[in-house]
Amino acid sequence: MWSNISTAPFLLTGFPGLEAAHHWISIPFFAVYISVLLGNGTLLYLIKDDHSLHEPMYYFLAMLAGTDLMVTLTTMPTVMGVLWMNHREMSHGACFLQAYFIHSLSIVESGVLLAMAYDRFIAIRTPLRYNSILTNSRVMKVGLGVLMRGFLSLVPPIVPLYWFPYCRSHVLSHAFCLHQDVMKLACADITFNRVYPVILVALTFFLDALIILFSYILILKTVMGIASREERAKALNTCVSHISCVLVFYITVIGLTFIHRFGKHAPHVVHITTSYVYFLFPPFMNPVIYSIKTKQIQRSIIYLLSVHRRP
């Protein structure tokens, strides 16, 4: 078995058939990447710098922004390397590490959105006990739990990739490494690597989405019990940003899943584009949503801009 192992690097793929246009395609990609870095970087700076944002809701938002930054920094070097310089080669170790971070951070993002739903649930169901339930130490424990779930759950499927023999084609279908892509190139029994991710997705993305949905049913029930229409609107308004981020994330997850499962006859460029939308759209939209919908964030941005304008 060991004699079959090929050490030839994997070859990343940009947009097949559109190689001549890669330099043009790189322009919107670079613009989106820079926007994601600036948007999420600004959110993190505001939450750190503005003491009025030192609340559980914004700590969870900082976790979301941090996760989005890490996802972007994980995919950006190889995507831009392929589009700008046609740098396609990637060593096995670097490829498996990139796949590990990409998939782990997706589970972390789902976990952070679940934690944010818990935050909104406590804020609306038991507002008087909000600060005593969501203490700083409890927020840290929740954040640590979300991180550990994401990074530990991806160890079992990624580790076998290091000892699988690769004797087939070394060409990957994206400009970054994904577990399902690399797994298909292995000349070994990959049953575990096929089954484990399905179970993992069910226990993370699917279960998280169900709990988020259930928490909002309970939130809605509580809000409908508030006598004042203004108070009802105010309570629901605090959830709009989170609901928007949840929809953006899970709609892209569902879209990607459907394309991979049922779009076998769809053009390859559709598969590739859907993957890029999944990895770039949520990190791009999350800062935009919170900047538009959250008054405290708006105030902090205005204050930041006014301070920098002063002579």
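## Exercises on a predicted helical chain

Val270 is part of helix H10, which covers residues 268–293. Keep in mind throughout that the model is predicted.

**Exercise 1. Is Val270 buried, partly exposed or exposed, and how far in space is Val270 from Ile259?**

Step 1. Start with the cut-offs: under 20% relative accessible area is buried, over 50% is exposed, and partly exposed falls in between.
Step 2. Val270 has a relative accessibility of 30%, so Val270 counts as partly exposed.
Step 3. Now turn to the pair. Val270 and Ile259 are 11 residues apart along the chain, and 8.1 Å separates their C-alpha atoms.

**Exercise 2. Compare two residues of helix H5, Asn136 and Gly150: which is buried and which is partly exposed?**

Step 1. Place them first. Helix H5 spans residues 136–153 and includes Asn136; Gly150 is found in helix H5 as well.
Step 2. Apply the cut-offs. The relative accessible area of Asn136 is 49%, so Asn136 is partly exposed. Gly150 has 0% relative accessibility and therefore counts as buried.
Step 3. Look for what lies against Gly150. Beyond neighbours within four places in sequence, Gly150 is in contact with Ser104, Ile107 and Val108.
Step 4. Add the distances. The C-alpha atoms of Gly150 and Ser110 are separated by 9.1 Å, with their positions 40 residues apart along the chain. For Asn136 and Met224, 88 residues apart in sequence, the C-alpha to C-alpha distance is 30 Å.

**Exercise 3. What is notable about the phi of Asn86, and where does Asn86 sit?**

Step 1. Recall the background: most residues other than glycine have a negative phi.
Step 2. Check the angle. Asn86 is not a glycine, yet its phi is positive, at about 55°.
Step 3. Locate the residue. Asn86 belongs to the loop between helix H2 (56–85) and strand E2 (89–90).
Step 4. Finish with exposure. With a relative accessible area of 49%, Asn86 is partly exposed.

**Exercise 4. Which residues touch the most other members of the largest nonpolar core, and which helix gives the largest share?**

Step 1. Find the best-connected members. The largest nonpolar core has 86 residues, and Phe29, Leu61, Leu113 and Tyr166 touch the most other members.
Step 2. Trace the source. Helix H3 (residues 92–125) contributes the largest share of this core, 16 residues.
Step 3. Take Leu113 as a worked case. Setting aside neighbours within four places in sequence, its contacts are Leu64, Ile212, His242, Cys245, Val246, Phe249 and Tyr250.

**Exercise 5. How many helices and strands does the chain have, and why can the chain be called as compact as a globular protein of its length?**

Step 1. Count the elements: there are 11 helices and 2 strands. In sequence order they run β-α-α-β-α-α-α-α-α-α-α-α-α.
Step 2. Compare the radii. The radius of gyration is 21 Å, close to the 19 Å from the globule rule for 311 residues, so the chain is as compact as a globular protein of that length.
Step 3. Add the dimensions. Along the principal axes, the C-alpha atoms fill a box of roughly 70 × 50 × 35 Å.
Step 4. Look at burial and contacts. Of the 311 residues, 46% are buried. Among contacts with a separation of 6 or more, 78% join residues 24 or more positions apart.
Step 5. Close with the surface and the charges. The chain exposes about 16300 Å², 70% of it supplied by carbon and sulfur atoms. There are 22 positive and 13 negative side chains, and the centres of the two sets are 7 Å apart.

Terms used: Residues are numbered from 1 along each chain as its sequence is written. This is a predicted model: local features need pLDDT of at least 70, side-chain atom pairs count only at pLDDT 80 or more; totals for chains, interfaces and linings use all residues. Side-chain values use heavy atoms; hydrogens and water are left out. Helices (H or I, at least four residues) and strands (E, at least two) are DSSP runs, numbered from the N terminus. The radius of gyration is taken over C-alpha atoms; the globule rule is 2.2 Å times the number of residues to the power 0.38. Buried means under 20% relative accessible area, exposed over 50%, partly exposed in between (1.4 Å probe, protein chains only). Contact means heavy atoms within 4.5 Å. Accessible areas come from the Shrake-Rupley method with a 1.4 Å probe; for residues, only the protein chains shown count as cover. Lys and Arg count as positive and Asp and Glu as negative; His and the chain ends are not counted. The place of a charge is taken as NZ of Lys, CZ of Arg, CG of Asp or CD of Glu. A nonpolar core is a set of buried Ala, Val, Leu, Ile, Met, Phe, Trp, Tyr and Cys residues joined through side-chain atoms within 4.5 Å.
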